[in-house]
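Here is a walk through a two-chain complex, from the overall picture down to single strand pairs. Have the viewer open as you read.

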Amino acid sequence: MSILNPTQKPEVKFQPDVWRAFQRGAHKIVDAVSPTLGPRPRLVAIQPTHRSDPPELLDDAGQIARRIIQLPNRDEDIGAMFVRQMLWRLREDVGDGAATAAVLFKAVYDECLKSIAAGGNAMRVRVGLEKSLDVALRALDGQIQPLAGRKQVADFARSVCADDSITDLLGEIFDLLGAEGQLTVQLGRSNMTEREYVEGHLWAGGLLTRSLMLDPIQSRSRLENTAILISDFEIESASQLTPALRCALQNGEQNLILIARKLSEEATALLVKINRDSKQMRVTAVKTPGTGMMDQSAALDDLCALTGGRAVVQAVDQNFENLTPAHFGHARRAWADMERFVVVNGMGEPRALRSHIHTLRRAIEKSDTPEQRNKLRERIGRLFGGAAILSAGGATETEMKTRREIAERAALTLRSALRDGVVNGGGIALLDCRPALAEFSKQLLDEDERAACRALGKVLDAPARLILTNSGFDPSGFLTRLGQGRGIDARNGQAVEMRSAGILDSAASVRGALIRAVRAAALALTVDVVVHKRNPQASVNP
Amino acid sequence: MMTIDSQPDLLLALAASPDFKKDKLLFAGRRSGLYRSTDAGKSWAAQSIIASGTLSVTALAFSPNFAKDQIVFAALPGGMAYSRDAGNHWLWAQFPTPAPYVSALTISPSFEEDKTLFAATLEDGVLRSTDGGASWQAWNFGLLDKQALCLTLNGEAVYAGTSTGLFRSHNGGRSWREAALPVEDSVLSLAALGGRLFAGTESHGLFASAGGGWKQVKAKGLEKPINQIQAEAGKEAFIRILAGDALMESKDEGKTWRKIQLPPEEAPVLLASLFVGFISGQVAAR
């Protein structure tokens, strides 16, 4: 149900109303996120859902766009939601670049609309934009350089996040863990933002029951040279468990970690009795990691690769009756508390582990959604071993939450920069694509295609201009000094070599912004008719 | 040939003092414990490291500033013994449990300032100490194979050879990335000379780093497992390797090689300065 106008009727709209309204709607979203571009972002206040709550203050273009779920004018709403979706997807995928994409979209769309208004053909303009995009991307790819070393990583962190308490720590963490490292950002317990490292492979979850906490003083179970039985079973009775324990004992195991989804009271009692009475074996039980079947199945696969065990799974009607010693995985150490389960130095075959990681990498290449890709990357990070926990500090819970969000976003951008490299920041990398476009426009025979290419070349300075404007400078005074790796440090107005000054952008975010903005603008230019439905629902998810 | 003692015992580690020409000091690690010679191997004395019983000594290393600081390290099951008076008295540092087997020790060339040293272990990857050996922690981010067989430093990079390949750390052994050799093989030995890294493998001979990649060093006798590489820089720079049962030497950074004659019927296992250690526990000087 529409939240604003419950009496809207179906309607069909034609040109020129469509372009005008689409443009107005798109501008509203773009103008809302534009103040956030650059090193001196201004904030956008979002009215809270409950009046008693304070307003949400955001400087993240993707988040701001996401908060705008509907415009009152439904003709404008079409354009606004079109841009919103593009920005949010970009933010989900690479963590940054949404403001750049918004500015580019507006500049490309407006400039090309002029050509169409002057009699150009929208479809040919679109083709021209798509051809020119390929040229611009090649020019951009030629500027990419790797990001490496603690100082460079910390410098880059500083350029994507203005919070000094976070940047040095993120620089250290990502220098250590690399692009795929496992990082958990949580709320801290003091004013200080702190980090800790956990040795080994960490899963959320932990012990199935406090009764199996073998070291109550440390509030955890820790076992050395331990066997690990990897399953997704819901163990309802002691008798169901007996064959597994017998097999472990026959195999000479002195320590056993049972991984299961559920453990009944009767089964728990049996394990408690073994720990109390038996001198032969110590046992503990942890939750099958992951939420949902897919997650759990992935976690079991990863555990098998790490420990050299074989998962016993319900889905294929397996049970503990036919267990063999080969089913047990092994680790030098493993520990679990009520929240975490950590395997240190799994004793699986290293070649099998490499091959498993390689399979996950291939899956990333084939996956369609950012969510899928992020999950796969998270798994790879875990398999590399070692995890960092960043506790965002602050004087109030709101400050901690804000800092946590900033850290998460910066981490996403850092990952993509480490993975895909960096380019000159401040909009200079885009500006430096102009010569390639100027050359390419000479080769285009079609007038509309050529106009599109020129339009794209012309507007590639839009992000650089806006960054300067947002920082309080008049861009017209600087434009002649921009390009070929040189730009303006928007913090002080000095002309600098952007790379030497550490003013860098993630190549993935600039690339992503350019691709999405140009493709979205090209597509939007060809929208000729809008059909309104009766009472469309407000957009909450893109 | 010099005999450490009359009892046959496996020789596991051998190290000569960096100031050997002056102090004639040698240490040998065996299953039966630690032995010290102060007369260039002519006579040996068993050293008592722990109060009760003996533990095998699996790796030995001298501080690069030994002449000044007199520090020497001896890896034992469960921990690291270190002496600050050339082996007269020993201190003990415990490893994280369960106790790993240390296969190699490497000390930072700037040990005096950074107090950093590394221990390769067969079960727990690489352990690192940044307080001169008093405490040890595993730093294995990215080290996919925890069976570390050898270690070396090359400039600011630390390299670890494992049972399935070579790993490199650019941040002082805190995280690791695979430094892919052209072959998939166990890396048994490592050494650096003049910025070049040499990696000895189990089945594919010796590799040398070259222009950002690797080049296989080809010579007769190098096709055997390269169990140890010893490289020394300076005016008379040389590389010596134990390839199977043969001792080979190159004085032109690996371009040409010659075989050095060893006593027959003896299997060499270790190189230290001018000395060759044999599996039987004997030590020979060149």
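## What we are looking at

Helices here are DSSP runs of H or I with at least four residues, and strands are runs of E with at least two, numbered from the N terminus. Counted that way, chain A has 18 helices and 19 strands. Keep in mind that this is a predicted model. The predictor gives the complex an ipTM of 0.90 and a pTM of 0.83.

For chain B, the mean pLDDT is 89, with 97% of the residues at 70 or more. Broken down by element, chain B has its lowest mean pLDDT, 68, in strand 1 (residues 2–3). At the other end of the scale sits strand 11 (residues 117–121) of chain B, with the highest mean, 97.

## Chain A as a whole

The C-alpha trace of chain A spans about 90 × 55 × 50 Å along its principal axes. Chain A has 542 residues, and 49% of them count as buried. If you take the contacts in chain A between residues at least 6 apart in sequence, 77% join residues at least 24 apart.

The domain assignment splits chain A into domain 1 (11–144 + 425–527), domain 2 (146–198 + 386–418) and domain 3 (203–348). Domain 1 and domain 2 of chain A have C-alpha centres 27 Å apart. Their contact draws on 12 residues from domain 1 of chain A and 10 residues from domain 2 of chain A. On the domain 1 side, strand 18 (504–506) and helix 18 (507–525) of chain A each supply at least two residues. By class, that side of domain 1 of chain A has five nonpolar, five polar and two charged residues.

## Where the chains meet

Across the chain boundary, 17 residues of chain A are in contact with 16 residues of chain B. Which elements of chain A give two or more residues to the side that touches chain B? They are helix 7 (164–177), strand 7 (221–230) and helix 11 (350–366) of chain A. Helix 11 of chain A gives the most, with four residues. As for chemistry, this side of chain A has seven charged residues, along with five nonpolar and five polar ones.

## A mixed sheet in chain A

Six strands of chain A make up an open sheet in the order 6-13-12-7-9-11, and the pairing is mixed. Why do strand 6 (201–204) and strand 11 (282–287) of chain A each have one side without a neighbour in the sheet? Both stand at the edges with a single partner strand, so one side of each is left free of a neighbour in the sheet. Neighbouring strands of this sheet are turned by 35° against each other on average, direction ignored.

At one of those edges, strand 6 of chain A pairs with strand 13 (residues 340–346) of chain A in the antiparallel sense, over four bridges. Within that pairing, look for Trp203(A), which stands opposite Phe341(A) in strand 13 of chain A.

## An antiparallel sheet in chain B

Chain B has an open sheet of four strands in the order 22-23-24-25, with antiparallel pairing. Its edge strands are strand 22 (226–232) and strand 25 (258–260) of chain B, each pairing on one side only. From one strand to the next, the twist averages 25°.

Strand 24 (residues 246–250) of chain B is joined to strand 25 of chain B by three bridges, and the two run antiparallel. One pair to pick out is Met248(B), with Lys259(B) of strand 25 of chain B as its bridge partner.

## Strand 8 of chain B and its two partners

Is strand 8 (residues 79–83) of chain B mostly covered or mostly exposed? Mostly covered: five of its five residues are buried. Gly79(B), Ala81(B) and Ser83(B) point one way from the strand, while Met80(B) and Tyr82(B) point the other way. That fits a general pattern: in a regular strand, side chains alternate between the two faces of the sheet.

Strand 7 (residues 72–76) of chain B pairs with strand 8 of chain B in the antiparallel sense over five bridges, and Ala74(B) stands opposite Ala81(B). The hairpin of these two strands has two residues between the strands, and Gly78(B) takes a positive phi near 100° there. Strand 8 of chain B also pairs with strand 9 (residues 91–94) of chain B, again antiparallel, over four bridges. In that pairing, Tyr82(B) has Leu91(B) of strand 9 of chain B as its bridge partner.

Notes: Residues are numbered from 1 along each chain as its sequence is written. Chains are lettered from A and ligands numbered from 1 in the order in which they are written. This is a predicted model: local features need pLDDT of at least 70, side-chain atom pairs count only at pLDDT 80 or more; totals for chains, interfaces and linings use all residues. Two residues are in contact if their C-beta atoms, placed from the backbone, lie within 7 Å. Ala, Val, Leu, Ile, Met, Phe, Trp, Tyr, Cys and Pro count as nonpolar, Asp, Glu, Lys and Arg as charged, and the others, Gly among them, as polar. A residue is buried if 20 or more other C-beta atoms lie within 10 Å of its own, exposed if 12 or fewer, and partly exposed in between; C-beta atoms are placed from the backbone. pLDDT is the predictor's confidence in each residue, from 0 to 100. Domain bounds come from an automatic or database domain assignment. Two strands pair if DSSP finds at least two bridges between them. Axes are lines fitted to C-alpha atoms, for helices over the stretch in contact, and angles run from 0 to 180 degrees between N-to-C directions.
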